[in-house]
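Hi,

Here is the structure I promised to pass on. Have a look at it first, and then read on for what turned up when I went through it.

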Amino acid sequence: MLERTLRTTARLIGCGFLILISPAASAQVSTDGGTITQERIGRVIKKRGYSPFAGRPYPTRPLWGDQHTHTSWSGDAGAVGTTLGPADVLRLARGEEVTSNTGQAVRLSRPYDWLVVTDHAEALGIIKGVIAGDPALMVDPTIREWNKGINAGGEAASRVLFDIIERQSNGRLPEVMLDPESAFDMWKEMTEIVESYDDPGEFTALIGYEWTSNAGGGNNLHRNVIYRGGKQVADLVAPFTSLQSEDPEDLWAWMRGYEETTGSKVLAIPHNGNLSNGRMFALETFDGEPLDEEWVRERARWEPVYEISQSKGTSEQHPLLATDDGFADFEIWDQGNLNLVPKQPEMLAYEYFREAVKNGLRLESEFGVNPFKLGVVAGTDTHTGMSTPEENNFFGKFAGAEPSAERWNGIAFKFGDREIRDWEIGASGLTAVWAAENTRASIWDAMKRREVYGTTGSRITVRFFGGYDFTAEDALARDVAARGYSKGVPMGGDLGVSTTGEAPSFLVGAMKDPLSGNLDRIQIIKGWVDAEGETHERVFDVAWSGDRVADADGKIPPVGSTVDLETASFTNTIGAAELLTVWTDPEFDPTEPSFYYARVIEIPTPRWTAYDAVYFGVDMAPEVRMTVTERAYTSPIWHSPMR
């Protein structure tokens with residue numbers, strides 16, 4: 001019966017899913033519109049009149065944006081030709097056309113709802129003076145050489161970029177760049193620009209920056225710091241930089257001090273654990289000491305979400321750690337750390353989201369708090385002053401990799417004889433926020449409660465609820481979201497304890513991006529810890545397109561591909577416009593702590609390299625990836641064990 005229900009609901013097109021693109025909240029969530037509870041939603045459902053949409057106490061649509069963007073104010077961006085500043089990336093995000101760093105017209109297919117400018121706090125904006133030859137900076141011989149190289153362009157500018165990255169990675173930026181008073185003045189200029197673009201209800205410009213810790217040599221521990229408030233409070237305390245400390249505990253201490261001083265709030269978003277060489281989710285402190293309760297509580301408090309995908313690789317899971325997961329190989333960067341120091345195999349287990357969330361369950365049983373109770377976001381990490389994550393509109397990571405016939409084979413990163421080519425850069429990613437209002441407070445609150453999800457660039461709409469009362473009928477109703485909130489918790493929430501030992505069920509649905517590929521399948525990834533303290537995971541196909549039948553191992557065959565590389569095109573003759581189902585865990589053990597998150601997979605579509613090959617008429621090397629299977633990752637839902 002269950003299998004038949006899954007196949008039937010997986011093929012549903014247009015059955016009640018218009019509601020699915022509307023809602024959001026939590027079992028109990030404070031929003032700008034008040035506190036949302038299951039009880040409150042239940043009352044609305046019982047009392048509503050003919051219109052099922054009247055009086056809804058939850059948000060009405062996902063808000064799309066990018067929480068990770070760099071402009072010419074970041075040293076590594078400005079050094080290689082990025083001229084677009086904070087105002088430009090915000091103008092593009094809200095739907096305006098801009099002229100790129102290489103003189104090309106750029107516009108997004110659709111405006112964003114929000115954006116965060118996260119230029120590096122380290123020497124923020126100082127690169128402008130380096131380029132212009134500011135006499136106060138030219139006293140330093142290194143900066144004089146940088147000025148010559150940047151203004152010469154080409155290979156000379158690239159050498160400056162790699163030198164800046166190396167020096168920043170090792171804390172060796174010239175002293176003259178690090179005057180704290182000048183840095184604070186630049187910060188106030190930045191917040192002034194961002195403030196001028198914030199338009200509550202229409203477009204939200206959040207204040208933020210990147211804390212760029214490299215743990216002494218390219219071991220990426222970077223965090224984006226996101227402010228809930230505006231310029232008035234953000235300007236009260238100077239940003240904390242990795243030049244003051246590379247230890248995340250010191251960043252958390254600064255965050256605590258900021259909140260105590262201002263009465264406002266901040267959160268931090270780690271990214272690129274895949275480039276940390278085992279440091280991002282290590283089961284020890286920055287100094288190599290055993291974890292203690294204070295460390296666990298502080299990380300849990302300040303870091304509610306993780307950036308799962310961006311241009312420098314996807315950090316969901318590594319295929320060597322999940323040999324049974326056929327979709328764990330998306331845009332993997334695993335040669336080494338940010339400085340390309342070679343990676344050892346044992347480092348992988350402490351770099352990827354899924355491993356961290358599993359280890360978090362173990363740490364919670366030891367300390368009573370889960371430091372890796374992480375929701376999911378994504379971002380571009382663009383260094384062009386333009387957020388362009390769509391494959392057919394991708395303007396590269398750095399200004400030198402904007403569209404051209406040669407860009408695919410350019411050098412993106414180089415340290416000694418180790419290098420990464422530009423074709424390995426991905427177009428990822430975007431964040432969807434289920435917020436009550438398009439305001440700073442509401443978007444920040446949704447991130448804090450983890451009611452967010454990340455995609456690799458396309459705008460797939462996803463809803464994911466967990467509870468103990470869902471039935472197959474809920475997937476056939478037109479009020480899907482109302483049922484989800486009234487019967488369970490949304491992504492990022494807690495199921496609590498199954499008091500009777502019954503298995504949880506999950507109401508999950510997805511709708512395709514109208515401008516991208518159809519949907520192949522929805523998967524639910526489960527992680528858990530057994531009685532011996534060992535972690536496990538399993539991937540379940542729960543809804544899929546067409547009449548495919550699971551094999552003996554429960555796997556659904558590939559959906560196929562309609563991609564034509566000769567024309568960089570595809571047809572949506574396979575896949576589904578939407579998928580929707582209720583799934584119950586068939587292997588549930590109420591005594592084991594566990595988590596569940598949804599992963600939605602599109603059919604294959606052309607990658608940006610394929611669009612380049614056709615547009616510029618170039619032949620690329622055989623190893624260049626030419627197709628992509630875009631996807632969305634939801635924040636998990638957690639289950640607490642029955643004792």
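Which residues of strand 8 are buried on one side, and which on the other? On one face they are Arg223, Val225 and Tyr227, and on the other they are Asn224 and Ile226. Before I go further, please keep in mind that this is a predicted model.

**Strand 8 and its neighbours**

Strand 8 covers residues 223-227, and 5 of its 5 residues are buried. The two-sided pattern goes with a general habit of strands: in a regular one, side chains alternate between the two faces of the sheet. Here both faces are covered.

Strand 8 also has partners. Strand 7 (residues 204-211) runs antiparallel to strand 8, with 4 bridges joining them. Strand 9 is antiparallel to strand 8 too, this time through 5 bridges. If you want one residue to click on, try Ile226: Gly208 stands opposite Ile226, and Ile226 in turn stands opposite Leu267 in strand 9.

**Helix 13 and a long-range salt bridge**

Next, go to helix 13, residues 440-448. Of its 9 residues, 8 are buried, so the helix is largely enclosed by the rest of the structure. Those buried residues are Arg440, Ala441, Ser442, Ile443, Trp444, Asp445, Ala446 and Met447.

Asp445 is the one I would look at here. Its side chain meets that of Arg228 in a salt bridge, at 2.9 Å from N to O. This pair ties together distant parts of the chain: Asp445 belongs to helix 13, while Arg228 sits in the loop between strand 8 and helix 9 (231-234), 217 residues apart. Are the two partners buried or exposed? Asp445 counts as buried because its relative accessibility is 13%. Arg228, at 27%, counts as partly exposed.

Right after helix 13 comes Arg450, with a positive phi. The value is near 70 degrees, in a residue other than glycine. Arg450 is placed in the loop between helix 13 and strand 16 (452-455), and at 13% relative accessibility Arg450 counts as buried.

**More salt bridges**

The structure holds 44 salt bridges, and I'll mention just a couple more. Lys358 and Glu355 meet through their side chains at 3.0 Å, N to O. Both are in helix 12 (residues 353-367), 3 residues apart, which is about one turn of the helix. In general, an α-helix has 3.6 residues a turn, so residues three or four places apart point the same way. Lys358 is buried, with a relative accessible area of 5%, and Glu355 counts as buried at 10% relative accessibility.

That pair also belongs to a network of salt bridges, which links Glu316, Asp325, Arg354, Glu355, Lys358, Glu537 and Arg599.

Another salt bridge joins Glu303 and Arg299, with the closest N and O atoms 3.2 Å apart. Both of these residues are buried.

**A three-stranded sheet**

There is an open sheet made of 3 strands, in the order 11-10-12, with mixed pairing. Its edge strands are strand 11 (313-314) and strand 12 (375-378), each of which pairs on one side only. Strand 10 (residues 305-310) pairs with strand 11 in the antiparallel sense, over 2 bridges. In one of these, Ser309 has Thr314 of strand 11 as its bridge partner.

**Backbone oddities and a charged patch**

Two other spots on the backbone are worth a click. The peptide bond from Ser428 to Gly429 is cis, with omega near 0 degrees. Gly429 is in the loop between strand 14 (418-421) and strand 15 (430-433). Then there is Asn272, which is not a glycine but has a positive phi of about 55 degrees. Asn272 lies in the loop between strand 9 and helix 11 and counts as buried, at 1% relative accessibility.

That loop also contains Asp287, which counts as exposed because its relative accessibility is 58%. Asp287 is part of a patch of negative charge on the surface, where Glu249, Asp250, Glu284, Asp287, Glu289, Asp292 and Glu294 gather.

Cheers

Conventions
Residues numbered from 1 in each chain as written. Predicted model: local features only at pLDDT ≥ 70, side-chain atom pairs only at ≥ 80, totals over all residues. Heavy atoms only, no water. Patch = residues over 30% accessible without salt bridge, like charges linked within 9 Å, V, L, I, M, F, W, Y side chains within 5 Å. Areas by Shrake-Rupley, 256 points an atom, 1.4 Å probe, with all protein chains shown as cover. Salt bridge = Lys/Arg side-chain N within 4 Å of Asp/Glu carboxyl O. Lys, Arg positive; Asp, Glu negative; His and termini not counted. Charge placed at Lys NZ, Arg CZ, Asp CG, Glu CD. Buried < 20%, exposed > 50% of the residue type's maximum accessible area, 1.4 Å probe, protein only. Pairing = 2+ DSSP bridges.
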